[in-house]
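Thank you for making time for this; I would like to walk through one structure with you and talk about charges, cysteines and a couple of loop positions. Please have a look at the fold first, and then we can go through it piece by piece.

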Amino acid sequence: MFCKIVFHGVLRNISNELCVYGGKVMISIAVVDDEKQILEEAKKILWDISDGYEDVRIDTFEKAEDFLNALSAYKYQILISDIDMPEVNGIELCEKTREVCPGIYVVFLTAYVEYAIDSYRMDAYQYILKTEMYSRFPEVLGKLLALVSKSQKNYCYVGTDNQKQRVLYCDIICITKGKRSKYVVYVMTNGELSERNSMEKILKKLDHNEFLMVERGCIVNLRHVVNIQENTLILSNKQTVDVSSRRVKHVKEGMSRYWRDE
């Protein structure tokens, strides 16, 4: 059995990355557009849509650079962005954002139908024409808020008996354990945590189809698998996981089940 882990870049470990307010995890939304009127209209619609949710934060930015600066210290679950903007356009903004927040949902606002192709290329959740904001925004964002809210209800506690930390499933990229180690390492979007445990007990604790043991020493969160090349999984943090030939079929079948159920 083997599980080779390769890191490309350094994992960020920022304590304030989780969106927490009063002990609760927030749904945080960023809207980026160089037109102030669009920002005001979008924010009004979002407040109306989010009325049924307890903790929602909505931030607006007229400049992409201001949003990127805020992103270095704060984690957003949803990004709503114009595509045609000066200096940094929406496509470039999406690319830079996903380097920091791989799992962020992106909705593009655009005045031009031809930009729809770009939104599909960036795997955006949806694109909305600005002329259709009032008709399409409520439905699209309503579904997205429900999706994010549901994902935040799945969590576990990681750490020692004296000090445990609440961790959202969606923030776990993979879980690894060395051959002779007594400790497992949770590799997450915002750093790492470790605890003394067995991989089998962890898989039982998580009990969710998004987690798959791809090798004896590695559990992967399938939502963070962005590509598979032969026997290698490429994860959202650019980490790669090599899978033994005899387990590749098992892994691909697990991925198919997960995406079918999603």
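Which residue does the side chain of Lys205 meet in a salt bridge? Before I answer, please keep in mind that what you are looking at is a predicted model. The partner is Glu195, and the N to O distance between the two side chains comes to 3.3 Å. Lys205 belongs to helix 6, residues 199-206, while Glu195 belongs to strand 13, residues 191-196, so this contact ties together parts that are 10 residues apart in sequence. The two ends of the bridge also sit in rather unlike surroundings, since Lys205 is partly exposed at a relative accessible area of 33%, whereas Glu195, at 4%, is buried. Elsewhere, salt bridges with shared partners join Asp33, Glu35, Asp82 and Lys130 into one network.

In total, the structure holds 8 salt bridges, and I would like to take you through two more of them. In one, Lys44 pairs with Asp48, with 3.5 Å between the closest N and O atoms. How far apart are Lys44 and Asp48 along helix 1? They are 4 residues apart in that helix, which means that about one helical turn separates them. Lys44 counts as exposed, with 51% relative accessibility, and Asp48 counts as exposed as well, with 52%.

The other bridge is formed by the side chains of Asp59 and Arg57, which meet at 2.8 Å, N to O. Here Asp59 counts as buried, at 16% relative accessibility, because the cut-off for that word is under 20%, while Arg57, at 31%, counts as partly exposed.

Let me turn to charges on the surface. Where do Asp34, Glu40, Glu62, Asp66 and Asp84 gather? They come together on the surface in a patch of negative charge. One of these residues, Glu40, is found in helix 1, which spans residues 36-49, and helix 1 is also the helix that holds the Lys44 and Asp48 pair.

Next, the cysteines, which I expect some of you will have been looking for. How many disulfides does the structure have? The count comes to 0, going by the distance between sulfur atoms. As a reminder, a disulfide is a covalent bond between the sulfur atoms of two cysteines. Two cysteines can be described by their accessibility: Cys94 counts as buried at 1% relative accessibility, and Cys170 is buried too, with a relative accessible area of 17%.

Finally, I would like to point to two loop positions. Met85 has its place in the loop between strand 6, residues 78-82, and helix 3, residues 90-100. Is Met85 buried or exposed? With a relative accessibility of 8%, Met85 counts as buried. Measuring along the sequence, Met85 and Lys63 are 22 residues apart, but in space their C-alpha atoms are 8.4 Å apart.

Gln152 is placed in the loop that runs between helix 5, residues 133-151, and strand 9, residues 155-159. Gln152 counts as buried, at 9% relative accessibility. Its C-alpha is 7.7 Å from that of Tyr169, although the two residues are 17 apart in sequence.

That brings me to the end of the walk-through, and I am happy to go back to any part of it.

Terms used:
Residues numbered from 1 in each chain as written. Predicted model: local features only at pLDDT ≥ 70, side-chain atom pairs only at ≥ 80, totals over all residues. Heavy atoms only, no water. Patch = residues over 30% accessible without salt bridge, like charges linked within 9 Å, V, L, I, M, F, W, Y side chains within 5 Å. Areas by Shrake-Rupley, 256 points an atom, 1.4 Å probe, with all protein chains shown as cover. Salt bridge = Lys/Arg side-chain N within 4 Å of Asp/Glu carboxyl O. Lys, Arg positive; Asp, Glu negative; His and termini not counted. Charge placed at Lys NZ, Arg CZ, Asp CG, Glu CD. Disulfide = S-S within 2.5 Å. Buried < 20%, exposed > 50% of the residue type's maximum accessible area, 1.4 Å probe, protein only.
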